[in-house]
Amino acid sequence: MQKVTLIPGDGIGPEVTEAAVKTIEAAGVDIEWDRQKAGIMAEKEQGTPLPREVLDSLRKNSIGLKGPLTTPIGSGFRSVNVALRQKLDLYVNLRPVKTFPGPVGDYEDVDLVVFRENTEGLYAGVEHKVGADAAESIKIITKKASRRIARAAFEYAEKENRDRVSIVHKANIMKLSDGLFLETCQEVADEFPDVGVDDCIVDNLCMQLVQNPEDYDVMVMPNLYGDLVSDLCAGLAGGLGVTPGANLGDEIAVFEAVHGSAPDIAGRGIANPIALMLSGVLMLKHLGEEEAAVRLETAIRELINESEVLTPDLGGEAGTDEIADAVVEKL
Ligand code: NAI
Ligand code: MG
């Protein structure tokens, strides 16, 4: 039986993970869940938000499904999520964004995939004060990290029969750092003659994505741009409640929704579990459970399309559990 590390997480995390687990099991896959505490509870009980057992479990199982973890502002710990990605070398942040025809979102036919470099760039965490009135954050771009995120994007495009990968950058201004990223991605593109390639400047891309999102396909970019652009893309297709994601390394894969712990609605039973369920779909594909993945995704899409049972973020009145039950019934 497949073992999967399950991190319920903080805020709405436990609510949406239970809902997702129910539907993944109903899709007919036997999974043994290895439940691990991280985040605020772990901090209280063990003095750290990221106990070693969590990392050990992920290393052992190579696959995880994770709820959001709260990062207290101003605490000593920078971000549990960032730490997890760095410690496990999860260098790919994958964000597929596909519109639901019908009630959710303003666009018809958007089908985008963002590959965000997950380990360096402006999020490398190299920051310092310069005297009392200034501070510096160092942006780090390496050939090694640029090459492996580019490979991930092009390999994905090839495997999924995608037409094109767009390299996103600001090399006109940051000639050395983004210049290296662009140049390295272009070198990798040469290894994939069957996949089209172009490049675009990130600010212009943002405008284009709002006006003509249908024109884009797979995109690859450094960390900060990826963070911003992938949230923009989430907004094109129904928002945080329905946007899945994955953090991938060579050995380990952790699947999680894009949204955070949503403290404003935590504990009220109204969080939308669909983003995490769709992350579960990505997980099933990764496990080679293609049929179960398609069944689960189809059930979720049908439910949204009928727009009778939806959570408040999508204009409905249903609770988290009702969504789970409705998806299970369809399965
Ligand atoms: P957030 O994503 O938690 O919430 C933003 C807004 O979207 C809130 O109004 C929230 O109610 C709503 N929302 C989010 N997910 C929803 C869902 N599934 N259903 C319905 N509504 C939903 O972002 P915020 O407030 O910036 O962050 C809160 C905490 O989460 C912070 O501590 C942050 O560090 C953490 N966070 C963790 C992430 C992770 O674990 N991967 C990702 C993003 C934030
Ligand atoms: Mg973000």
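**Exercise 1.** How are H1 and H9 oriented to each other: roughly parallel or oblique?

*Solution.* The model is predicted. The helices concerned are H1 (residues 13–26) and H9 (residues 274–286), whose axes lie 9 Å apart at an angle of about 45 degrees. Angles under 35 degrees count as roughly parallel, and 65 to 115 as roughly perpendicular. H1 and H9 are therefore oblique to each other. The crossing of H1 past H9 is right-handed.

**Exercise 2.** Identify the residues by which H1 and H9 meet, and classify them.

*Solution.* H1 contributes Val16, Thr17, Ala20, Thr23 and Ile24, while Leu276, Met277, Gly280 and Leu284 belong to the H9 side. Sorted by class, this contact comprises six nonpolar and three polar residues, with no charged residues.

**Exercise 3.** Determine whether Lys3 is buried, partly exposed or exposed, and describe its surroundings.

*Solution.* Lys3 belongs to strand E1 (residues 2–7). Within 10 Å of Lys3 there are 14 other C-beta atoms. A buried residue would need 20 or more, and an exposed one would have 12 or fewer. Lys3 is therefore partly exposed. Apart from neighbours within four places in sequence, Lys3 is in contact with Glu32, Asp34 and Asn61. Thr48, 45 residues from Lys3 in sequence, is 25 Å from Lys3 in space, C-alpha to C-alpha.

**Exercise 4.** Characterise the shell of residues around ligand 1.

*Solution.* There are 21 residues around ligand 1, and those that come nearest are Pro68, Thr71, His259, Gly260 and Asn272. By class, the shell around ligand 1 holds ten nonpolar, eight polar and three charged residues.

Definitions and conventions:
Residues are numbered from 1 along each chain as its sequence is written. Chains are lettered from A and ligands numbered from 1 in the order in which they are written. This is a predicted model: local features need pLDDT of at least 70, side-chain atom pairs count only at pLDDT 80 or more; totals for chains, interfaces and linings use all residues. A residue is near a molecule or strand if its C-beta atom, placed from the backbone, lies within 6 Å of it. Ala, Val, Leu, Ile, Met, Phe, Trp, Tyr, Cys and Pro count as nonpolar, Asp, Glu, Lys and Arg as charged, and the others, Gly among them, as polar. Helices (H or I, at least four residues) and strands (E, at least two) are DSSP runs, numbered from the N terminus. Two residues are in contact if their C-beta atoms, placed from the backbone, lie within 7 Å. Axes are lines fitted to C-alpha atoms, for helices over the stretch in contact, and angles run from 0 to 180 degrees between N-to-C directions. Angles under 35 degrees count as roughly parallel, over 145 as roughly antiparallel, 65 to 115 as roughly perpendicular and the rest as oblique. A crossing is left-handed if the near helix is turned anticlockwise from the far one by less than a right angle, and right-handed if clockwise.
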